[in-house]
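Student: I'd like a close look at one part of this model. Could you start out in a loop and work your way over to the ligand?

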Amino acid sequence: MSGTLYLCATPIGNLGDMTPRCIETLSMVDLIAAEDTRQTVKLLNHFGIDTKMTSYYEHNKYEKGGYLISLLKEGKNIAVVSDAGTPGISDPGEELVEECIKNDITVVSIPGPAALISAVITSGLCTGRFCFEGFLSMNRRQRKIHLEEIKNEKRTMIFYEAPHKLCRTLDDLYETLGDRRIALARELTKKFEQIIRTTIKEAIAMYEETPPKGEYVLVIEGATEQQEAVDYSDLSIEEHVKSFQDEGMSEMDAIKAVAKQRGLRKNEVYAAVKKK
Ligand code: SAM
């Protein structure tokens, strides 16, 4: 009979969030597949767990996945853990689950921390319907496609972001979505946990003064009926700029946003606005 794959969520900063069931599962399985064994060994040592580990991460997931499936078929029980939080959420896990399902291997979740859930429930924004957008790509074109896709999204949107990319992401969000309410959930469950509830524009200004530090989740308000109704293809360049100004952007910001959306140079938009 096949073994079971356990997807074990681990703390995102506060060891007090480790669940008894997670400790029990990590202690009883035959093998722990860890994103980074050097990171996970600290957790195992803290909780006195001496189960064998193997690495399972983005760049070995296919090759190592095959090996893990063969062990599961032999009847071994395996736990997957990432560096922090829930496996399969912007972390390795998804492909292994798919392979287990194809091979009739039981998959069990051992729930616990996930940064996106802590962020959305503390954001003060609508939690009735939300969508998780993961990380924006580093690639310019991919980022633009992603942002264009969600411009009219009505549900609350959740993004993960690294501190060194946060300012660029806020600029891109402002240019594509306009000014919206945003909650920046920082260092969740840690000593310097902070939930900054503001607008995208104010967040940009704030980080001009103090550069971002720590881990962040961004929670952004979905499009309102009014924002969604704007179809820029029917607008002249001037009207397009004005529509952003009506949402509270300065003229220069509106010009930049229009240039980005239409794939024009800023001075072309500027000239169109100033020509009358
Ligand atoms: N699997 C994890 C989960 O369940 O949340 C996410 C892993 S992803 C590689 C790492 C990203 O999650 C970080 O860049 C940050 O956006 C977010 N994150 C993780 N821990 C966090 C924390 N304590 N506070 C805020 N954001 C966090």
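Tutor: Let's begin at Thr 189, which sits in the loop running from strand E8 (181–186) to strand E9 (194–199). Helices here are DSSP runs of H or I with at least four residues, strands are E runs of at least two, and both are numbered from the N terminus. What you're looking at is a predicted model, so local features need pLDDT of at least 70 and side-chain atom pairs pLDDT 80 or more, while totals for chains, interfaces and linings use all residues. Numbering starts from 1 along each chain as its sequence is written, and side-chain values use heavy atoms, without hydrogens or water.

Back to the loop. Thr 189 has a phi near 70 degrees, a positive value in a residue other than glycine. Most residues other than glycine have a negative phi. Asp 104 also has a positive phi, near 55 degrees, and it lies in the loop between helix H4 (94–102) and strand E5 (106–110). Asp 104 is exposed because its relative accessibility is 72% (exposed is over 50%, buried under 20%, partly exposed in between, with a 1.4 Å probe and protein chains only).

Now step back along the chain to helix H7 (residues 163–177). Its 15 residues should span 21 Å at 1.5 Å a residue, and its end C-alpha atoms are indeed 21 Å apart (the expected span is 1.5 Å times one less than the number of residues). Plenty of H7 is tucked away: Lys 165, Leu 166, Thr 169, Leu 170, Asp 172, Leu 173, Tyr 174, Glu 175, Thr 176 and Leu 177 are buried. Right after the helix comes Gly 178, with a positive phi of about 80 degrees.

Two of those buried H7 residues, Lys 165 and Thr 169, take us towards the ligand by way of Glu 161. Glu 161 belongs to strand E7 and counts as buried because its relative accessibility is 4%. The Glu 161 side chain makes a polar contact of 3.4 Å with the side chain of Lys 165, plus one of 2.6 Å with the side chain of Thr 169. (A polar contact is a pair of N or O atoms within 3.5 Å; within protein, one must be able to donate a hydrogen and the other to accept it, and sequence neighbours count only if both atoms are side-chain atoms.)

What does the backbone of Glu 161 do? One of its backbone N or O atoms lies 3.2 Å from a ligand oxygen atom. Thr 86 also has a backbone N or O atom by a ligand oxygen, at 2.8 Å, whereas for Ile 12 a backbone N or O atom lies 3.0 Å from a ligand nitrogen. The protein covers 90% of the 570 Å² of accessible area that the ligand has on its own (Shrake-Rupley method, 1.4 Å probe). Strand E7 (156–161) and strand E10 (216–220) are the elements that give two or more residues to the shell around the ligand. In total, 19 residues surround the ligand, and the closest are Thr 86, Ile 89, Asp 91, Tyr 160 and Tyr 216 (the cut-off is a heavy atom within 4 Å).

As for the setting, the protein chain has twelve helices and ten strands. Of its 276 residues, 46% count as buried, and its C-alpha atoms fill a box of roughly 75 × 40 × 30 Å along the principal axes.
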